[in-house]
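Colleague: Please take a close look at one sheet in this model, and then set it beside its surroundings. Which strands and contacts define that part?

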Amino acid sequence: MEYFLTDEQKMIVELSRKITEEHIIPNRARLDEEEIFPTEILKIIADADLYGLYIPEAYGGFGGGVMDFILAVEEFSRGCIGVSVSFAANALGIYPVLAFGTEEQKQKFLPPIAAGTKQAAFGLTEANAGSDAGGVQTTAELVGDHYVLNGTKQWITNGGEAEIYTVIAITDKAKGARGASAFIVEKGTPGFTFGKKEDKLGIRASATRELVFQDCKIPKANLLGKEGMGFIVAMKNLDHSRPGIAAQGVGLAQGAMEAAVKYSRERVQFGKPISAFQANQHKIANMATEIEAARCLLYQTARTIDSGNKDFSMESAMCKLYATDVANKVANEALQIFGGYGYMREYPVEKMFRDAKILQIYEGTNEIQRNVIALDAIKKSAKQDKK
Amino acid sequence: MSNKEIWIFAEQREGVISLATLELLSEGQILAAKSGYTLCAVLLSADDSKILQELYNYGAKKVYSAVGPKLSYYQNDYYSKVVADLIIEKKPEIVLYGATSVGRSLAPTIAVMVNAGLTADCTELDFDTEQMLLLQTRPAFGGNIMATILCPNHRPQMSTVRPNVFKKNKLGDKEKGESVSVKVDLSKVKDRMRLLEETKEEVDAVDLCEAEFIVSGGRGVGSPEKFIVLQDLAKELGAAVGASRATVDAGWIAHFHQVGQTGKTVCPKVYIACGISGAIQHLAGMQSSDFIIAINKDPQANIFDVADIGVVGDLHDIVPELTSQIKALKK
Amino acid sequence: MNIAVCIKQVPDSDKVTIDRETNRLNRAGVPSVINPFDENALELGLQLKDKYGGKVTVITMGPPQAEEALRECVSVGADEVILVTDRKFAGSDTWATSYTLSLAVQKAGDFDVVLFGKQAIDGDTAQVGPGVAYFMDIPVITYVKEAEKTDTGFKVKRVTEEGYQLWEVDGKAAFTVVKEANTMRLPSLKGKMRAKSATIITWGADDLGAEDAKIGLKGSPTIVKKVFSPPIKTNRETIQNEDPKQSVKELLGKLKERKLI
């Protein structure tokens, strides 16, 4: 399949693939088993100039777009999505600054992310606010020159490892959806602590923690945009980062399928490699086709966003929904092809199976994605009628 | 013209002649017989008194001995000057060096100084009595290729030869020989490098190059942890553990264990190659083993071409089974 | 510090063919890589630059396709790259190569250190490093694992069969570098982009003022007489059973027959 990548995009793919082969794949089992945050690998990725792909050159980045970014995420995900999410979560954490920050805020917070010397994270989710993001209860009260934050964020990727956090908190409860604001909070700020590292089914290399704010005072200048813009920031941020999750899905599925096909050629039963049996061939055909479809939808979405389209919620939701459902399907089928060996932790596919599940849940559950897509389709239909 | 001599560079470290030298002298006996040339040795040292007899015992009829304090250890500027000057003066037909860290540094320097041809890492030497030329055979890259190299016009013809390729042949304990004192004048050689200190490392594993049995692992082993299966077998056999370049490059096992062109050359009684495909680079390191057993699940693997017994099967099934059956036999 | 690194592009696969006339390898059109030991030499050069400042110049002698290898060097941080290429160099063995490279290194600049890989994996001779050093009249230390600058020159750690040696060398020097020294760094994206647009300085025999008699096949004292496949053993036996226990039993039986165990 011709993807029409530019020369630089091909370099990004080559470089990311090399890092995946030489550093991610050999270490992934250990990182998963021992829940080790991939600090060294992230440093290698940073040294390769891949941290700032989507950050403008003026702030030390590559000046690329979503497409350049998801190409790297896809390659890393072929190796391990625990590692790739640790990388990708930086984009989720820093995009609010890129999109809504003042020049001063951008100058301060973008360069270290572009260089990979600091990590970022995004704090929206709470115990009572998952799909219902409106249920956010963390508050931010303006007191003199500071905002004082109180509340707890839950299941934050890169929580505890990141130095820079963009956090959504309620500044005016009476205003409902218009009462939330977005803030930048730095690690080490008094009153800002972390909960224990969560013990997860998959993506165990990724660090997931609670963010705990107890009378945490941050400078007024750390407000992102204007008061009341919190949910707009959050929604735009998620729309922008969903392709990254889709890329994780495509990469994981590709890795799982490749492992399964290779295994099927080596495993002999009934005197033949099992790849000779039609049942397996059809599994392989389904996997290959769905992965390619997911990839094409992802690339098209990324290019659409990069082309400057202002409204891409529907496309973003589609590519995330499809790629992550495909990833789970493929991981399941791949494990099946491995048979008994697939169930053993010695072989890489059971990890992919465990890892894949989160893809259908975080960054907006696939149910929410379907809501977005359906509402968009319905709106379009209504518009047609009005003509 | 040339003086019809074959010279073996006699490498000494702290007054002890290297095994590679003795092996080369032994092969030199055969070449001398075939060619009619005289077998000699070239020795650089601070004191030759305890070394000369051993050189005679392995066939050197003449030893060119250069003695001096600056020659006690290999220093490239001094050694190359002495040997090159001697070659230019005496014009030997052939000069051979062990392919050790000394030989493989010294020989190239001398080759350039005297404009001789040099073939490195030969696995076979022979003499063509028709053309009166040394035939130097070595493996060449790029697949199953061996190359035989000639040096038709330039003299001397020079080669480096790996340790463990030729077998030692001691002629006796009191062989006769002649020592020729070489005048050493290093006054004009710039003193521009010196050895500050030397550290020997203790290695408690069975030395690959001395081992009678070697159990060796290749890509088929699958992962660094799975090498233990081979280590268990090695323990039962009192064997050393070897490895292919693929496994060393992948970081599964230390370079110290690597057998092959860029690793060690070994010559055990029995070499068991497990999950090794048999790329030429590896074969170059173990082909002269007395008896080769190959275990590989691919019946087409190259290694079966050189194996005396080939076992087609998964090493993860065969090797543990071999270990346990050997254990049982011992009881 | 002014650092030169000599590299060689070598064939990567077993798709190499032999030219029946000259009995030399046909290199054109075969996928190639930087000789792995030269990567260690380049990495040492880059580390010296990181530590002491300066410039890394990479030089290679080869056919025009060797340009790819030079661009790879730029992508990991080499500052300047030079391709020495000329039909007249074809067929060069190590003597001729050493002579030619020494001319190029001296033309390229005044270097504090010239680095080489321990050996090239296609030829394995390990001769070019010492050869170039001789032509340039600089000391050469082989099997180098670590190097540091001193007031008078360099201090290097050299690997031997038995352990390590610590050597001191005065003034300018050449080192051949072993695999244990380091692992070559990954290219960066900026590096790759630089590599794409990098200028490759190209020199031929005339640019170097090379003497005809000393280059190419004319300059090589050795010739390849013949190439052949290694001998296949006769009397080979194969054991193949569904049950590994059976295979092992047979194997041990045969070993006992031959009195090996």
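Modeller: The answer below begins with conventions, then treats the chosen sheet, and afterwards turns to other regions.

The model is predicted: local features need pLDDT of at least 70, side-chain atom pairs count only at pLDDT 80 or more, and totals for chains, interfaces and linings use all residues. Residues are numbered from 1 along each chain as its sequence is written, chains are lettered from A and ligands numbered from 1 in the order in which they are written, and side-chain values rest on heavy atoms, with hydrogens and water left out.

Chain C contains 7 helices and 15 strands; these elements are DSSP runs numbered from the N terminus, helices being H or I of at least four residues and strands E of at least two. Of its 261 residues, 55% count as buried, where buried means under 20% relative accessible area, exposed over 50%, and partly exposed in between, with a 1.4 Å probe and protein chains only. Among the contacts in chain C between residues at least 6 apart in sequence, 70% join residues at least 24 apart; a contact means heavy atoms within 4.5 Å.

The sheet in question is open and mixed, and its 10 strands follow the order β13(B)-β11(C)-β10(C)-β9(C)-β12(C)-β8(C)-β1(C)-β6(C)-β7(C)-β13(C). Two strands pair if DSSP finds at least two bridges between them. The edges are taken by β13 (193-200) of chain B and β13 (200-203) of chain C; each has a single partner strand, so one side of each is left without a neighbour in the sheet. From one strand to the next, the twist averages 30°, with axes fitted as lines to C-alpha atoms (for helices over the stretch in contact) and angles running from 0 to 180 degrees between N-to-C directions.

Within this sheet, β1(C), residues 2-7, and β6(C), residues 55-61, run parallel and are joined by 6 bridges. Val5(C) has Val58(C) in β6(C) as its bridge partner. Helix α2(C), residues 67-76, packs on the sheet, where it touches β1, β6, β7 (80-84) and β13 of chain C, and its direction makes about 170° with that of β7(C).

Strand β9(C), residues 140-149, contains Lys145(C). This lysine is buried yet has no salt bridge, and the nearest side chain of opposite charge, that of Glu146(C), is 4.8 Å away. Here Lys and Arg count as positive and Asp and Glu as negative, while His and the chain ends are not counted; a salt bridge requires a side-chain nitrogen of Lys or Arg within 4 Å of a carboxyl oxygen of Asp or Glu. The side chains of Lys145(C) and Tyr164(C) are joined by a polar contact of 3.4 Å. Such a contact is a pair of N or O atoms within 3.5 Å; within protein, one must be able to donate a hydrogen and the other to accept it, and residues adjacent in sequence count only if both atoms are side-chain atoms. Leaving aside residues up to four places away in sequence, Lys145(C) touches Lys157(C), Val159(C), Tyr164(C), Val178(C), Glu180(C) and Ala181(C).

Chains B and C contribute to another sheet as well. Its 6 strands form an open, parallel arrangement in the order β15(B)-β14(B)-β16(B)-β17(B)-β18(B)-β15(C). At its edges stand β15 (240-243) of chain B and β15 (237-240) of chain C, each with a single partner strand, so one side of each is left without a neighbour in the sheet. Neighbouring strands are turned by 20° against each other on average, direction ignored. Strand β14(B), residues 213-217, runs parallel to β15(B) and is joined to it by 4 bridges, and Val215(B) stands opposite Val241(B). Helix α9(B), residues 315-330, lies across β16 (270-274), β17 (291-296) and β18 (309-312) of chain B at about 130° to β17(B). Helix α7(C), residues 244-257, lies across β17 and β18 of chain B together with β15 of chain C, at about 155° to β15(C).

Two backbone features of chain B complete the account. Arg155(B) and Pro156(B) are joined by a cis peptide bond with omega of about 0°, and Pro156(B) is found in the loop between β10 (145-150) and β11 (157-161) of that chain. Asn115(B), although not a glycine, has a positive phi of about 55°; this residue lies in the loop between α4 (103-114) and β7 (117-122) of chain B and is partly exposed, with a relative accessible area of 28%.
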